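Please walk me through the inside of this structure, taking its open and enclosed spaces one after another and then the packing around them.

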Amino acid sequence: MPERTETPTAPPSASDRPADYLEKRTLRRGSAGPLLLTGLGVAYVVSGDFSGWNFGLAHGGFGGLAVAAALMGLMYTCMVFALAEMASILPTAGGGYGFARRALGPWGGFLTGTAILIEYVLAPAAISLFIGDYVESLGLFGLTSSWPVYLACFVVFIGIHLWGVGEALKFSFVVTGIAVAALLVFAAGAFTDFDAGRLHDIPVDTGALGASSWLPFGLLGIWASFPFGMWFFLGVEGVPLAAEETKDPVRSLPRAMATSMGILLVLALLTFLASTGAGGADALKDAGNPLVAAVQPDGRPTVLGRIVNYAGLAGLVASFFSLIYAGSRQLFALSRAGYLPRFLSLTSRRKAPWLGLVVPGALGFGLAAASGDGARMLNVAVFGATVSYALMSLSHIVLRRREPGLERPYRTPGGVATSALAFVLACAALVATFLVDVTAALVALGVYAVAAVYFACWSRHRLVAGAPEEEFAALAAAEAELNRD
């Protein structure tokens with residue numbers, strides 16, 4: 001019987017039998033290897049190097065943002081190591097939701113998956129706004145309004161995903177390569193005009209505790225900069241969502257996650273130092289396009305500035321495209337297991353979760369066209385991300401304690417101490433979201449509350465026992481029962 005119920009229900013129909021049910025909900029196996037997965041991990045994040053992080057300068061100055069970025073880099077590194085271990089144990093499309101389901105039960109799985117969905121639905125909507133602004137500012141296609149760009153982004157890029165996952169990941173890899181190459185060219189050019197004095201040129205708030213030229217807004221500015229330090233790494237945790245479409249996921253996922261994290265750490269260091277040292281912290285703290293502002297301080301166009309402008313557009317496209325992919329796989333996994341309406345996990349003849357792509361895409365376009373507030377949508381996404389980080393790190397701790405004998409093809413360096421550090425930093429980052437944008441945090445909490453009511457009243461009674469994440473959990477429960485006997 002495919003459903004595990006807590007209250008009596010009618011017998012399942014023939015169409016609900018596990019073989020038929022899962023046959024309509026399968027992804028294309030073996031489409032991605034370590035190289036494409038590494039590109040996917042970088043693609044999730046690369047747009048954050050081009051803009052967004054610099055607003056942290058207005059909250060913490062160079063020193064505050066530098067400490068925040070270092071701590072967030074440490075958090076992501078620790079979390080990636082923990083996720084790599086769990087991905088080698090549970091290589092399913094559920095990713096973080098699947099890990100939390102195994103460790104924390106149905107409620108833990110649902111709350112983690114919902115937090116991830118908030119991130120992966122809101123972030124592409126916000127990035128589509130930034131793409132529209134880029135296209136309009138560059139004077140491309142003669143557009144004076146950005147909404148046609150939002151629509152084109154969702155239609156064209158969702159269309160590529162519907163074509164096939166292999167083609168989609170290859171497209172993402174090429175665009176990401178262009179963006180990364182441009183970041184390296186930018187850093188090389190910006191360092192030729194580097195001046196250490198520009199790093200701390202923001203006026204000091206003398207009333208702030210611990211204020212100095214390096215910490216112009218005091219010690220609290222470090223904490224307030226956490227969400228912006230995350231922009232250098234936000235999204236890399238989505239690599240395990242490709243597990244069911246990966247060649248040899250047990251080996252490929254840990255390798256790709258570690259490699260992509262290493263690349264992102266290097267890019268963050270180069271981008272942060274080069275741009276701030278060339279353009280000045282005070283000039284960049286409110287810039288919508290900080291890298292261009294760094295190499296065009298007087299506003300006069302330069303060749304390097306033009307390259308960075310177009311590369312920024314490529315970076316936005318890469319992140320938008322890959323986040324659409326991640327959101328569809330998270331929605332697919334939650335729907336296939338019954339946490340969300342089951343029809344959302346149906347796949348096409350090309351094994352693409354077409355409703356999992358179209359429904360979030362339509363929602364994202366509607367949010368982008370209606371609100372126009374990309375910064376707030378990203379703040380909502382960051383709130384969801386920090387909740388999921390805390391729950392995923394906790395899942396690693398619980399699995400290590402509860403199932404020490406579980407076969408682990410890859411083991412996290414440092415073990416529980418590593419994931420515990422990630423958990424503490426994720427909780428600190430979650431609180432920091434309220435320091436930056438209380439409204440965004442409350443909006444995310446409202447969405448979370450509605451989702452929790454839906455799960456409590458409806459879907460938790462209708463989970464699909466044949467779904468991979470539920471089967472893993474059932475096997476674990478059976479093994480625990482045998483051990484007790």
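What follows moves from the pocket to the cavities, and from there to the core and to individual residues.

The model is a predicted one, and a convenient place to begin is its largest pocket, which has a volume of about 660 Å³. Its lining is made up of 25 residues, and those that lie nearest the centre of the pocket are Ile118, Val121, Leu122, Leu363 and Val447. Several helices take part in this lining, since at least two residues each are supplied by helix 5 (96–137), helix 13 (303–336), helix 14 (354–371), helix 15 (374–402) and helix 17 (438–457). When the lining residues of the largest pocket are sorted by class, 21 are nonpolar, two are polar and two are charged.

Turning to enclosed spaces, the structure holds four cavities of 30 Å³ or more. The largest cavity has a volume of about 180 Å³, and it is lined by 15 residues, with Ser47, Gly48, Ile127, Leu234 and Leu378 lying nearest its centre. At least two lining residues come from each of helix 2 (34–45), helix 3, helix 5 and helix 13, and helix 5 gives the most, with four residues. The lining of the largest cavity comprises ten nonpolar, four polar and one charged residues.

The second largest cavity contains about 70 Å³ of space, and its lining includes Tyr120, Val121, Phe154, Ile324 and Leu357. Helix 5, helix 13 and helix 14 each contribute at least two residues to this lining, and helix 13 gives the most, with four. Here the division by class is eight nonpolar, three polar and no charged residues. Val121 belongs to the lining of the second largest cavity and is also among the residues that lie nearest the centre of the largest pocket.

One of the residues lining the second largest cavity, Phe154, is found in helix 6 (residues 147–163). Phenylalanine 154 counts as buried because its relative accessible area is 4%, which falls under the 20% cut-off. Beyond its neighbours within four places in sequence, phenylalanine 154 is in contact with Pro124, Ala125, Ser128, Gly159, Phe320, Ile324, Gly361, Gly364 and Phe365. Leucine 357, which also lines the second largest cavity, is 203 residues away from phenylalanine 154 in sequence, yet the two are 9.5 Å apart in space from C-alpha to C-alpha.

The packing can also be followed through the largest nonpolar core, which has 154 residues, and in which Trp53, Leu57, Tyr76, Ile131 and Tyr389 touch the most other members. Helix 5 gives the most to this core, with 19 residues. Isoleucine 131, when residues up to four places away in sequence are not counted, touches Val149, Cys153, Leu313, Leu316, Val317 and Phe320. Phe320 is thus a partner of isoleucine 131 and of phenylalanine 154.

A polar residue completes the tour: asparagine 54 is found in the loop between helix 3 (47–50) and helix 4 (57–89). Is asparagine 54 buried or exposed? Asparagine 54 counts as buried because its relative accessibility is 0%. A polar atom of the asparagine 54 side chain lies 2.8 Å from the backbone oxygen of alanine 287. Setting aside neighbours within four places in sequence, the residues in contact with asparagine 54 are Leu284, Lys285, Asp286, Ala287 and Pro290.

Technical notes
Residues numbered from 1 in each chain as written. Predicted model: local features only at pLDDT ≥ 70, side-chain atom pairs only at ≥ 80, totals over all residues. Heavy atoms only, no water. 1 Å grid on protein atoms, 1.4 Å probe; cavity = no way out; pocket = protein on both sides within 12 Å on 5 of 7 lines; lining within 4 Å. Points joined across faces, edges and corners; volume = space filled by probe spheres on them. Nonpolar A, V, L, I, M, F, W, Y, C, P; charged D, E, K, R; others polar. Buried < 20%, exposed > 50% of the residue type's maximum accessible area, 1.4 Å probe, protein only. Polar contact = N/O pair within 3.5 Å; in protein donor to acceptor, adjacent residues only side chain to side chain. Contact = heavy atoms within 4.5 Å. Core = buried A, V, L, I, M, F, W, Y, C linked by side-chain atoms within 4.5 Å.
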